[in-house]
Amino acid sequence: MAKSSANFLLVLLFSVSFLVISSCRKNDRAQDTELQSARDMSLALSAWNDIFRQTEILAGSQADLNAIPAPFIYTNNCTSVAVNPALPNTSFPKVFTMDYGNTNCQGPDGAFRRGQIIATLSGNYRDSLTTIVITTNNYFLNDNQISGTYTILNKGRNRAGHPNFSESVANGRSARPHSNPVSWNSKFTREWIHGDTTSTVFDDVYLLSGNATGTTSESNTFAVFINTPLRFTMNCPWFESGQLYLNPAGLAHRFIDFGTGACDNTAAVWIFGAKSTLYLD
C-alpha cells in the first residue's frame, strides 16, 4: 500500500511538472515576439554595408588611379571627395575623404548623410592584397551616428574566379537619436560575383557571409550567423536576398529572411514559427 501510494505520488508529481513545463513553453512562445534585437542588428548591418557602398562608389569605379584626372574632386549635390596625396601623384597609401557636409545631404538613393567617411587605401581597390581601413568623423546616416574601424582586405580571386574580400568591423557603434547605442563587431567575407570587369560600379553584385556579435539598444547581447549569403547589388540600398540567424541572449533565435531578389526595405522575422515583417531603415 505504501509502495503504491509512493508510485501514485511520483506519477502525480511528474504530471504536474509536465503541465507546468508545457505551459511555460507555450507561454514563452506566446510572449517572445520581441523585434527590437532584429531592428538593432539590421541597423548595424545596413549601416556598415552602406559605408562599404559609399567607398566602393569612389574606389571601386577606379580600376586604375592613373586614369583619374587631377585634381580629383567627385561632387554629388552636397558631397565632395578629395584624395591625398593629390593626383597626379600616384603613390600609395592614399587617403580618400568623403565629405557630406555639416547638414543632412540627401543622396540619389534617398538616404541622408552628414559628416565624413575616411578611407585609407594601401593600393588600387581591385589589386590583390590591397587593404582599406575606413573610419568616420562625426558621420550620420539617416540621423544615426556611426563610428568604428572597418578593415577590408582584397584576397584576390577565389576558386570560382571571383574577387574575394575579408572584412571586419571593430568597436562599431550605431546610435539613433534619443536611444542607447548599438554596438557591433563583425567578421565577414564579401564575394564579388558580377561586374568586376566593367568600368561602372552600379552593375556590381556581392555575396556577404560570416558572423557578428553586438549589444542591442536595450543592453542585450546577441550573435549573428549568416546561413545563406546575403546578396547585395550596388544599385539597391537593401539586401535583396539571403538568410541569417540572430541569437539574442535569453531569447529564442530569430530566423531573418531578406527575400528572393526584390529591392525593398523589408525582411521576414521568424520566431517559434511565427512570422513578422521587419521594416528596415
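Is Tyr125 buried or exposed? Select Tyr125 and take a look: at 3% relative accessibility, this residue counts as buried. (Buried means under 20% relative accessible area, exposed over 50%, and partly exposed in between, using a 1.4 Å probe and protein chains only.)

Before moving on, some housekeeping. This is a predicted model, in which local features need pLDDT of at least 70 and side-chain atom pairs count only at pLDDT 80 or more, while totals for chains, interfaces and linings use all residues. Residues are numbered from 1 along each chain as its sequence is written, and side-chain values use heavy atoms, with hydrogens and water left out.

**Stop one: the rings**

Keep Tyr125 on screen and add Phe165, which is buried at 1% relative accessibility. Rings of Phe, Tyr and Trp (its six-membered ring) pair if their centres lie within 6.5 Å; planes under 30 degrees apart count as stacked, over 60 as edge-to-face and the rest as tilted. That rule gives 12 aromatic pairs. Tyr125 and Phe165 are stacked, because their ring centres are 5.4 Å apart and their planes sit at 20°. Tyr125 is in the loop between β5 (112-121) and β6 (131-141), and Phe165 is in strand β8 (residues 163-175), so the pair ties together parts that are 40 residues apart in sequence. (Helices, H or I with at least four residues, and strands, E with at least two, are DSSP runs numbered from the N terminus.)

Now add Phe52, Trp192 and Tyr206: ring pairs link these with Tyr125 and Phe165 into a cluster.

**Stop two: Arg190**

Select Arg190 next. Its charged end sits over the ring of Phe52, 3.8 Å from the centre, and Arg190 also lies over the face of Tyr206, 5.7 Å from that ring centre. (A charge sits over a ring if NZ of Lys or CZ of Arg is within 6 Å of the ring centre and within 35 degrees of the ring normal.)

Then show Glu167, whose side chain meets that of Arg190 in a salt bridge (2.8 Å, N to O). (That term means a side-chain nitrogen of Lys or Arg within 4 Å of a carboxyl oxygen of Asp or Glu.) Arg190 lies in strand β9 (residues 182-194) and Glu167 in strand β8, so this pair ties together parts 23 residues apart in sequence. Both Arg190 and Glu167 are buried.

**Stop three: other salt bridges**

The whole structure has 7 salt bridges. Try Arg254 and Glu34, which meet at 3.1 Å, N to O. Arg254 is in strand β13 (residues 254-260) and Glu34 is in the loop between α1 (2-31) and α2, 220 residues apart. Arg254 is buried at 0% relative accessibility, whereas Glu34 is partly exposed at 23%.

Next, select Asp109 and Arg53, with their closest N and O atoms 3.0 Å apart in a salt bridge. Asp109 is partly exposed, with a relative accessible area of 26%, and Arg53 is buried at 7%. Add Asp50 and Arg113 too: salt bridges that share partners join them with Arg53 and Asp109 into one network.

**Last stop: the core**

Which residues touch the most other members of the largest nonpolar core? Of its 58 residues, they are Met41, Leu45, Trp184, Leu244, Ile256 and Phe258. (A nonpolar core is a set of buried Ala, Val, Leu, Ile, Met, Phe, Trp, Tyr and Cys residues joined through side-chain atoms within 4.5 Å.) Colour helix α2 (residues 36-59), which gives the most to this core, with 11 residues. Finish on Met41: leaving out residues up to four places away in sequence, Met41 touches Trp184, Phe222, Val224, Leu244, Leu246 and Ile256, where contact means heavy atoms within 4.5 Å.
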